[in-house]
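Ready for a few exercises on reading a protein structure? Try each task on your own, then work through the solution under it.

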Amino acid sequence: MAKGNQVAPSRKFEQTLQASAQLPGVQINREAFLRRELKRYCTDEQIKLAIATTPAEAGVTPQVIDKIANSVIKFETGKVTTLSTAAGIPGGLAAIGTVPADIAQYYGHLLRVVQKLAYIYSWPELFDDSADGMDSATESMLTLFIGVMFGVNAAQAGVAQVSKLIASEVARKLPQKALTKGAIYPVVKKVAGLLGIQMTKQVFAKSAAKVVPLVGAVVSGSLTFVTFMPMSKRLQKHLATLPLTKPGHGVTEQASNPPSTSPKPAPTSSAN
């Protein structure tokens, strides 16, 4: 709990997460993303089934899923590094005012890569289009995903537990109760507190990097590059081991008769 005028680390992280989620282009439409990425590898029937169920249930091979995930990580890493470098150019005292926006932008790209990786590794829609902003379950799930990226063991256990719940219930949405009131919620709060502390260190590092003009831009961009990609890879590796990626974890009427066609050969290049 916060003391005096101090804000608790968990609350700092929650505020940053909420602000980042509202930035333009941060929220990824699951259907549009899967359709765009899978069309280079799969038949129309597989794509429709992947959207209605999951890529795993549609028979999309692990090799194709990993290829798409790697492409996503490369694209988002390049984009956030470029923006971070540009944000570091002002230098001196003028740079101090850019730090909050830079951090929000950084976490915005974390949210982008989190959603893309989640969807290709067979997670349901994270943002509810009918909701006003980000609901509590989505905020909790995103906190756990980002916790995995930062190497928080409790977050890895939390994500694995949610994955089992979704798989066992053959659900097409997040388990609201478990994430907001149930056994997973205390884990979410713990992870948010740890991430708040990490974020404070991150703000300090970026502030120090921006004090010297131009040199600060290079350092700021480098700091972003060397953290963003390994963190994204860590989440990818964890998601690939979970029950949701296993075909048949929950057979539905739609998935009971998958198309007999095979995925199209993978091209040599891809775009995001």
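Before you start, one term: buried means under 20% relative accessible area, exposed means over 50%, and partly exposed is in between (1.4 Å probe, protein chains only). You're looking at a predicted model, where local features need pLDDT of at least 70 and side-chain atom pairs count only at pLDDT 80 or more, while totals for chains, interfaces and linings use all residues. Residues are numbered from 1 along each chain as its sequence is written, and side-chain values use heavy atoms, with hydrogens and water left out.

**Exercise 1. The overall picture**

Task: Find how many helices and strands the protein chain has.

Solution:
- Start with the rule: helices (H or I, at least four residues) and strands (E, at least two) are DSSP runs, numbered from the N terminus.
- Counting gives 10 helices and zero strands.
- Now check burial: 48% of the 272 residues count as buried.

**Exercise 2. One side of a helix**

Task: Work out which residues of helix α2 (residues 30-38) are buried, and where they sit around the axis.

Solution:
- The buried ones are Arg30, Phe33, Leu34, Glu37 and Leu38.
- Their arc, taken from the directions from the helix axis to the C-beta atoms, is only 105°, so they sit on the same side of α2.
- Here's the background: an α-helix has 3.6 residues a turn, so residues three or four places apart point the same way.
- Next, look at α3 (residues 44-52), where Gln46, Ile47, Leu49, Ala50 and Ile51 are buried.
- Those buried residues of α3 pack against α2; contact here means heavy atoms within 4.5 Å.

**Exercise 3. Two helices crossing**

Task: Describe how α1 (residues 9-21) and α6 (residues 136-149) meet.

Solution:
- Axes are lines fitted to C-alpha atoms, for helices over the stretch in contact, and angles run from 0 to 180 degrees between N-to-C directions.
- The two axes come within 11 Å and cross at roughly 105°.
- That makes α1 roughly perpendicular to α6 (under 35 degrees is roughly parallel, over 145 roughly antiparallel, 65 to 115 roughly perpendicular, and the rest oblique).
- α1 brings Phe13, Glu14, Leu17 and Gln18 to the contact, and α6 brings Glu139, Leu142, Thr143 and Ile146.
- Sort them, and you get four nonpolar, two polar and two charged residues. Ala, Val, Leu, Ile, Met, Phe, Trp, Tyr, Cys and Pro count as nonpolar, Asp, Glu, Lys and Arg as charged, and the others, Gly among them, as polar.

**Exercise 4. A serine in a loop**

Task: Is serine 122 buried or exposed, and what does its side chain reach?

Solution:
- Place serine 122 first: it's in the loop between α5 (99-120) and α6.
- With a relative accessible area of 2%, serine 122 is buried.
- The side chain of serine 122 reaches the backbone nitrogen of alanine 56 at 3.1 Å.
- Leaving aside neighbours within four places in sequence, serine 122 is in contact with Thr54, Pro55, Ala56 and Leu244.
- Finally, check the backbone: serine 122 has a positive phi of about 75°, although it is not a glycine.

Methods
A polar contact is a pair of N or O atoms within 3.5 Å; within protein, one must be able to donate a hydrogen and the other to accept it, and residues adjacent in sequence count only if both atoms are side-chain atoms.
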